[in-house]
Amino acid sequence: MTNRPGGELAARPLHFIWICDCSGSMEGDKIQALNNAIKESIPSMQQVADENPNAAVMVRAIKFSDGAQWHIAQPVAVKDFLWTDLTAGGLTDMGKALSMVADQLKIPPMTDRALPPVLVLISDGQPTDDFTSGLNALMKERWGQKTVRISIAIGQDADLGVLQKFIGNHEIKPLQANNAETLIKYVKWASTAVLKSASSPGSQTDAEKAQSPVAGPVPVPAPPDPGPASQDDVW
Amino acid sequence: MVTKMPATDHIEKVSWRAIGRSVVGASHIKADLPNQDAIAWLPGEGIGPPLVLAVSDGHGSAKCFRSAVGSRLAVTIATQTITKLQEESSHGLDQSSIKRIAEEKLPQELVRTWREEVEKHIIAEPISSQELELLEKKAGAKACEAVKKSPILAYGATLLAVLVSESFILYMQLGDGDILIVEDTGDVNRPLPKDERLIANETTSLCSQDAWHDFRVYFQSLLEQPPALILAATDGYSNSFPDEANFQKIGPDFLEMIRINGIDNVDKKLEGWLREYSREGSGDDITLGIIKRMRQVDIDTVHDRIDKLAESSNTHVSKLNEIDSALQSLSSKVSEQKSGLEGFRARVNDLASQKTFVDKHEMLLAKYGPVQEEMTIRLQALELELPAIMQLEEENKKLADKVSKAQWVLAAAFVLAFASTVMTSVLWLQPSSANGSSQTTSNQNKATDPEARGLNERISPADNAPPQPLSSGAEANSGSRRDRRNQNRRSRQP
């Protein structure tokens with residue numbers, strides 16, 4: 001018997017999942033900008049995690065083009081998180097990616113002691129597969145319903161309607177990034193401000209939910225201002 | 001020596017004891033938030049039956065900014081209301097009636113009373129503009145509107161309560177948190193099934209419109225074997241463990257600790273443990289209430305332990321006395337050693353200064369050793385030369401004497417030469433009479449001093465004239481001297 005009753009102690013896991021569009025339209029500047037943005041956000045993300053020691057932030061990434069595939073399959077502690085560049089080519093099977101994420105949000109492998117997972121969907125186009133089935137599969141899971149969902153549209157061709165459906169909360173809008181600099185801003189915001197909010201959530205009551213049925217499990221902070229449209233908007 | 005108390009009928013039936021603690025969460029400390037949990041039991045001394053214990057977790061969302069008040073009201077109302085039910089049930093109600101009341105009426109009564117008390121609190125302390133501004137800043141205008149519309153939201157809290165009577169145990173729960181029962185074997189069970197809806201910090205609450213619907217109630221008759229231990233905790237506790245197995249291990253661990261060390265000992269350590277769970281686990285406020293069935297064996301164990309403690313305390317006292325005297329003796333020895341050390345230190349200092357002197361001496365020796373050797377060699381050489389030097393000195397002395405004598409002779413010769421020169425000059429210059437007398441004197445001198453005579457001869461070769469006869473005056477002078485000598489002889493005779 002140890003000096004203290006009970007077994008091992010652990011901070012509550014907080015799963016953070018990048019869901020990245022790697023279709024052919026992302027090829028070139030866009031995929032490179034996305035790779036750079038995620039790489040640049042890592043130190044800030046690690047800092048937020050350090051400031052919240054009672055949340056064990058674990059990062060994963062899934063990519064979709066022709067089908068979907070885990071880019072980082074095993075949850076990696078944010079302090080050990082490294083980004084391997086994505087490459088683009090193929091279709092936009094977003095629905096498949098969501099159903100694969102849904103599988104990972106079942107209990108098990110999830111524990112009911114986790115903090116609300118954060119899903120960040122980044123896309124520049126329209127799904128080429130059954131997006132609705134994928135989203136339904138996600139929302140069928142208890143943890144799927146409790147996820148904090150953020151979406152970032154790269155360029156004018158992204159399907160904002162689909163990205164809004166993914167969020168499932170009309171108070172939170174998809175973020176429109178038309179250049180690399182704005183993309184970095186949004187990626188950094190999602191991986192720091194949103195992560196911080198999910199790291200220390202207060203209990204929410206069903207009474208609160210009754211008043212705002214679409215509200216997510218944590219308050220989502222206001223996103224950064226993308227600034228006025230300019231000639232830098234190349235996408 | 002403590003006398004073992006006879007077991008009373010009351011204890012032999014079943015005695016229960018309640019302890020508990022509530023601590024502010026590690027992340028709440030960082031965020032400067034208060035402890036939003038609460039715990040209470042009745043009767044206050046925590047001994048029953050009857051015994052009621054309640055814990056409550058005030059919600060942490062921004063809208064529930066008065067949840068610490070809500071949780072305190074919840075545990076106070078629950079312990080009072082349930083105690084009242086127990087008192088009524090003891091007046092002839094059968095168990096099925098009590099069960100029905102507990103399941104149907106009690107939740108409504110609890111929610112109704114809580115809401116009434118919250119409304120009273122709102123009237124006494126209306127929601128302030130500062131509170132609303134802070135809420136708007138944290139959660140937006142919509143959250144602010146929601147609280148203005150329904151201020152009771154600000155007080156949202158869960159409730160877990162356990163009533164232990166002589167014949168039954170009642171378990172009630174609204175919202176998240178955990179109630180565990182631990183059997184004598186250490187096996188752990190949940191009397192109430194988990195509410196699967198309650199993940200990701202979402203919970204049912206006393207502030208919900210039909211909150212009484214969400215109460216989960218379990219009635220346990222004590223015709224069955226009563227549990228050894230009942231644990232009621234807010235969710236900050238279970239969330240500090242990675243899984244259910246690690247969490248449920250608290251059941252057998254607490255049971256064993258209480259059996260071995262006694263419930264008071266565990267009570268003392270409880271707060272520190274709860275802080276540790278929060279720090280290393282969830283970071284949330286943690287509250288734990290423990291109700292322990294005091295078995296006869298526990299009580300006997302306590303008495304045995306008291307007897308043993310009394311014996312061992314006597315032994316310890318005598319040992320302490322021995323240690324005390326040993327310490328005193330040691331202390332005086334230490335003083336002696338200390339003064340000895342002082343002397344030693346002074347000696348060391350002295351030696352150190354001597355050492356410095358020796359070092360300097362050695363340094364000088366090293367420096368002047370070769371010079372000394374050379375001097376020794378030279379001295380030896382001088383000693384060898386000493387006889388020759390002494391001989392030289394002797395000779396030198398002799399020479400000096402000779403020189404001295406020669407100087408004297410020379411001086412006399414000069415005097416004589418001078419005198420003869422003078423006399424010769426006089427003789428040559430003066431008349432013959434005068435020459436006669438002078439010649440006489442000169443002749444006298446020649447007659448009395450052969451050396452001078454010789455010298456005269458050498459110095460005055462020009463005076464080669466034949467010697468002159470002696471004058472009468474010379475004779476007269478010679479006779480006169482003879483007369484004086486004779487007179488002197490006569491005068492000395494008697």
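This passage describes the strands, packed helices and a surface patch of a predicted model.

In chain A, six strands form an open sheet with mixed pairing, and their order across the sheet is 3-2-1-4-5-6. The edges of this sheet are occupied by strand 3 (67-77) and strand 6 (175-177) of chain A, and because each of these has a single partner strand, one side of each is left without a neighbour in the sheet. On average, and with direction ignored, neighbouring strands of the sheet are turned by 15 degrees against each other. Within the sheet, strand 4 (residues 118-123) and strand 5 (residues 148-154) of chain A run parallel and are joined by six bridges; A:S123 has A:A153 in strand 5 of chain A as its bridge partner.

Two helices of chain A are associated with these strands. Helix 2 (residues 94-104) of chain A packs on the sheet, where it touches strand 1, strand 2, strand 3 and strand 4 of chain A, and its direction makes about 35 degrees with that of strand 3 of chain A. Helix 1 (residues 29-51) of chain A lies across strand 1 (12-21), strand 2 (55-65), strand 4 and strand 5 of chain A, and runs at about 170 degrees to strand 1 of chain A.

In chain B, strand 11 (residues 229-233) is mostly covered, with five of its five residues buried. The residues B:L229, B:L231 and B:A233 point one way from strand 11 of chain B, whereas B:I230 and B:A232 point the other way, and all are buried. Strand 11 of chain B pairs in the antiparallel sense with strand 7 (residues 178-182) of chain B over five bridges, and in this strand pair B:I179 stands opposite B:A232. Strand 11 of chain B also pairs with strand 12 (residues 286-294) of chain B, again in the antiparallel sense and over five bridges; here B:A233 has B:L288 in strand 12 of chain B as its bridge partner. In general, the strands of a sheet pair through backbone hydrogen bonds, in either a parallel or an antiparallel manner.

A further feature of chain B is found on the surface, where B:L320, B:I323, B:L327, B:L330 and B:V334 make a nonpolar patch of about 470 Å². One of these residues, B:L327, is placed in helix 11 (residues 296-429) of chain B. The relative accessible area of B:L327 is 49%, and this residue is therefore classed as partly exposed, since the term exposed is kept for values over 50% and buried for values under 20%.

How values were computed:
Residues are numbered from 1 along each chain as its sequence is written. Chains are lettered from A and ligands numbered from 1 in the order in which they are written. This is a predicted model: local features need pLDDT of at least 70, side-chain atom pairs count only at pLDDT 80 or more; totals for chains, interfaces and linings use all residues. Side-chain values use heavy atoms; hydrogens and water are left out. Buried means under 20% relative accessible area, exposed over 50%, partly exposed in between (1.4 Å probe, protein chains only). Helices (H or I, at least four residues) and strands (E, at least two) are DSSP runs, numbered from the N terminus. Two strands pair if DSSP finds at least two bridges between them. Patches are made of residues with over 30% relative accessible area and no salt bridge: like charges are joined within 9 Å, nonpolar side chains (Val, Leu, Ile, Met, Phe, Trp, Tyr) within 5 Å. Accessible areas come from the Shrake-Rupley method with a 1.4 Å probe; for residues, only the protein chains shown count as cover. A salt bridge is a side-chain nitrogen of Lys or Arg within 4 Å of a carboxyl oxygen of Asp or Glu. Axes are lines fitted to C-alpha atoms, for helices over the stretch in contact, and angles run from 0 to 180 degrees between N-to-C directions. Contact means heavy atoms within 4.5 Å.
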